[in-house]
Amino acid sequence: MVNYKKFILDNGLRVLVHEDTTTPMAVLNILYDVGARDENPEQTGFAHLFEHLMFGGSVNIPSYDEALQLVGGENNAFTSNDVTNYYITLPAVNLETAFWLESDRMLDLAFSAKSLEVQKNVVCEEFKQRYLNQPYGDVWLKLRPLVYTKHPYRWATIGQKLAHIEDAKMADVKAFFAKHYNPQNAIVVVGGKVNFDEVKALCEKWFAPIPAGVKYMRNLPIEPEQTQEIKETIYADVPLNAIYMVFKMPGKTEDNYPTVDLITDILSQGKSSRLYRNLIKDKPLFSDIKAYNYGSLDTCMFVIEARPNQNLSLEDAEKAIWNELNALKTELVSEVELTKVKNKYESTSVFSEMSLLDKAMNLAYSELMGDANLINTELEKYSNVSANNIKHLANQIFTQQKATTLHYLAK
């Protein structure tokens with residue numbers, strides 16, 4: 001059970017406070033409700049670019065990292081298709097430094113031509129190294145537009161193409177910041193050896209004076225249901241052939257999400273999972289095969305990624321994968337197998353609550369999904385999933401006409 005208290009400032013900033021006297025540390029986590037899905041299709045990669053720009057200093061604090069290191073703090077950030085998250089961990093006695101730093105860059109980020117150019121170059125290099133010059137690196141640049149036809153999940157967080165970052169203009173960057181990086185679009189979580197009244201006073205001092213920003217309504221296109229199988233083949237300089245099979249599934253906020261998440265574990269959680277046991281260990285058909293999902297807020301991707309052994313045809317490889325999916329559709333998962341994956345989920349969940357930073361991030365994300373207390377009720381949703389739920393949902397999701405398959409083949 002994660003305890004917390006919540007208040008909202010007049011400018012719309014939501015604040016959650018988690019008091020934990022067992023640690024001398026504190027964390028300040030800011031989740032901005034902006035991700036790659038909020039970008040202009042002609043200017044993608046901006047949310048990720050901002051993750052870098054936010055560390056380039058603010059108007060009153062030219063060197064963000066230097067100020068933090070002086071008080072024994074550490075920081076980092078990540079961007080996804082749904083959110084951008086920044087966090088600071090530091091000794092609790094120095095908590096106000098975190099407020100000073102985060103509030104100043106929310107209020108007045110330093111938009112210098114030099115900083116923009118430096119960070120654009122950094123992001124472009126990352127694009128080249130991780131996505132263009134690495135085996136299988138561009139797979140999601142190819143796959144996402146096949147899976148999504150309307151929804152902005154059709155591009156990766158890094159962006160659709162290098163040119164969108166290379167051509168980013170100062171005016172466009174400033175407009176993106178004004179729209180998304182403001183109090184009413186943010187959730188702050190403060191945790192650790194902190195006091196609720198102290199945190200409230202610090203929020204009033206550092207964040208309350210920041211203007212709320214202009215409220216906008218997110219209006220994303222809804223991804224239509226897929227009614228026809230999609231298949232594509234590409235050739236590249238890779239060591240082994242690969243198959244990527246994708247099915248659309250419920251998003252993180254939907255009731256059925258825990259059921260599909262457990263299906264992922266049944267297929268691919270550890271060496272006793274079905275894909276490993278049946279297709280690598282017992283019948284050595286694949287050198288590697290795994291199932292996972294992206295945990296996205298909107299229509300999500302269920303992925304099976306496989307490397308067939310060289311003597312196995314692609315047709316037989318796909319047939320072996322479909323045999324495993326069809327087994328979920330025709331036979332009830334045993335109580336033993338279901339209990340095993342539920343227990344694994346519970347232990348992972350409980351373990352994550354031991355980390356102060358994980359608790360802060362999970363609280364922020366739960367609040368974004370509509371209720372911070374989801375952090376305490378999520379486990380119950382997973383424990384209530386039945387074998388019948390799994391069979392029913394497998395029949396809905398794993399059909400031929402709803403499959404998107406990419407053959408990524410060695411030249």
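Let me start with one contact, where the side chains of K142 and D138 meet in a salt bridge, at 3.9 Å from N to O; by salt bridge I mean a side-chain nitrogen of Lys or Arg within 4 Å of a carboxyl oxygen of Asp or Glu. This is a predicted model, in which local features need pLDDT of at least 70 and side-chain atom pairs count only at pLDDT 80 or more, while totals for chains, interfaces and linings use all residues. Residues are numbered from 1 along each chain as its sequence is written, and side-chain values use heavy atoms, with hydrogens and water left out.

Within that first pair, K142 is partly exposed, with a relative accessible area of 39%, whereas D138 counts as buried at 17%; here buried means under 20% relative accessible area, exposed over 50%, and partly exposed in between, with a 1.4 Å probe and protein chains only. Salt bridges that share partners also join K6, R14 and E367 into one network.

By this rule the count comes to 18 salt bridges. Among them is K359 with D20, whose closest N and O atoms are 3.8 Å apart. Because K359 lies in helix α13 (residues 356-368) and D20 in the loop between β2 (14-19) and β3 (25-32), this pair ties together parts that are 339 residues apart in sequence. Helices (H or I, at least four residues) and strands (E, at least two) are DSSP runs, numbered from the N terminus. Both K359 and D20 are buried.

Finally, E117 forms a salt bridge with K120, at 3.9 Å between the closest N and O atoms, and both residues lie in helix α4 (residues 113-132), three residues apart, about one turn of the helix. E117 is partly exposed at 42% relative accessibility, whereas K120 is buried at 8%.
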